[in-house]
Amino acid sequence: MSKTVGIIGLGLLGGSLAKALKAYTDYEVVGYARRQEVCDAAIQDGVVKAAWTEVEPLIESSDIVVFSLPPDTNARLFTETAHLFRPKQVVTDVSSAKENFLRAVYESIPKGTIFVSVHPMAGSEKGGYEVSHKNLFKGMGWIVLEDKASEVYSEEVAEELAEMGRAVGSRIEFVDIYAHDEYLAMVSHMPHLLAAILTQVSGGDELGELRMRLSAGGFRDCTRVAGGLPSMWREIIYGNRRNVIEGLTRIEAEIQRVKEVLSQDDEGQELESYLERSRDIRTKLPYLTGQIKDS
């Protein structure tokens, strides 16, 4: 008998996971959404066999429960519903920042319930069930968070969730759960904030609209993620603010370094060397993320 995965939150990430599991695995899927019209759409699409605007029936019906709301919302909801979970039932989440959800789980999880966190490295500046799709995870990273010292962690479940990621087309990474937020601050959360900063500096004054009319692909590429949902990114960035502040401190030091490079009277030779090193680092990215296979 196939297991049932209950997805709490059928937005871009949760809705895409539901569609991917339906298309590429034999898991049964049920869902929760705040709005009845989203539940109705997911049922009508054949993505879930049932969907509710209450979480209790989802938890009761599921072998694996995926919290797919913003991080702080996930944490509050788990605390409110922890008493409903039963032994051997699996709790996971797809939060971009883990600290607050991890604290909520470890404070409230019932004895015998299993917790293994994952983080699919997929998304868009757009959100909502209507933009979700079954191939969102193809070729993307799927991080399985390890906490082998925890009594509620299961290596068997971790491997099952890794297989789930492989089934929907993802590239698997195993990462220590306590290192996750520091890593993601540098490659996800701080870049989003930097895009917001660049947007404010370039377009936030009386000359902003003129500057943006003159912009081309570089500005669009650098600021694309600033179009993301502010309420969601507030939870992500503020929830990981300690690591983001550390990242910004490193950026400040790097900006000072670049200012010193630009101040040199060498016809830009050191600047060219700096840009060359940066290009070499960036060139590795498609190979490191599996977008290009190294022969």
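## Exercises on salt bridges, sheet and enclosed space

Arginine 171 counts as partly exposed, at 24% relative accessibility, in what is a predicted model.

**Exercise 1.** Find which side chain meets that of arginine 171 in a salt bridge, and state whether this partner is buried or partly exposed.

Solution. The side chain of arginine 171 meets that of glutamate 173 in a salt bridge, with 3.2 Å from N to O. Turning to the partner, glutamate 173 has a relative accessible area of 35%; because partly exposed covers the range between under 20% and over 50%, glutamate 173 is placed in that class.

**Exercise 2.** Classify by accessibility the two residues of the salt bridge between glutamate 146 and lysine 148.

Solution. The side chains of glutamate 146 and lysine 148 meet at 3.8 Å, N to O. Glutamate 146, with a relative accessible area of 22%, is partly exposed. Lysine 148 has a relative accessible area of 55%, and is therefore exposed, since the cut-off for that class is over 50%.

**Exercise 3.** Describe the surroundings of helix H8 (residues 208-213), starting from leucine 210.

Solution. Leucine 210 has its place in helix H8 and, at 41% relative accessibility, counts as partly exposed. Together with Leu207 and Leu214, Leu210 makes a nonpolar surface patch of about 310 Å². As for charged residues, arginine 211 forms a salt bridge with aspartate 205, the closest N and O atoms being 2.8 Å apart; arginine 211 is partly exposed at 34%, and aspartate 205 is partly exposed at 35%.

**Exercise 4.** Work out which strands stand at the edges of the open sheet of six strands, and why one side of each lacks a neighbour in the sheet.

Solution. The strand order is E3-E2-E1-E4-E5-E6, with parallel pairing. Strand E3 (50-52) and strand E6 (114-115) stand at the edges, and each has a single partner strand, so one side of each is left without a neighbour in the sheet. Further in, strand E1 (residues 4-8) is joined to strand E2 (residues 28-32) by five bridges, and threonine 4 stands opposite glutamate 28 in E2.

**Exercise 5.** State which helix gives the most to the lining of the second largest pocket, and which residues line the largest cavity.

Solution. The second largest pocket holds about 160 Å³ of space, and helix H6 (residues 155-167) gives the most to its lining, with three residues. Among the lining residues are Lys3, Arg86, Glu156, Val157 and Glu160. The largest cavity has a volume of about 30 Å³, and is lined by Tyr106, Phe115, Val116, Ser117, Leu145, Asp147, Tyr153 and Ile177.

Terms used
Residues are numbered from 1 along each chain as its sequence is written. This is a predicted model: local features need pLDDT of at least 70, side-chain atom pairs count only at pLDDT 80 or more; totals for chains, interfaces and linings use all residues. Side-chain values use heavy atoms; hydrogens and water are left out. Two strands pair if DSSP finds at least two bridges between them. Helices (H or I, at least four residues) and strands (E, at least two) are DSSP runs, numbered from the N terminus. Patches are made of residues with over 30% relative accessible area and no salt bridge: like charges are joined within 9 Å, nonpolar side chains (Val, Leu, Ile, Met, Phe, Trp, Tyr) within 5 Å. Accessible areas come from the Shrake-Rupley method with a 1.4 Å probe; for residues, only the protein chains shown count as cover. A salt bridge is a side-chain nitrogen of Lys or Arg within 4 Å of a carboxyl oxygen of Asp or Glu. Buried means under 20% relative accessible area, exposed over 50%, partly exposed in between (1.4 Å probe, protein chains only). On a 1 Å grid over the protein atoms alone, a cavity is a set of points where a 1.4 Å probe fits but cannot get out, and a pocket is an open set with protein on both sides within 12 Å along at least five of seven lines; lining residues have an atom within 4 Å of a point. Grid points are joined across faces, edges and corners, and a volume is the space filled by probe spheres set on the points.
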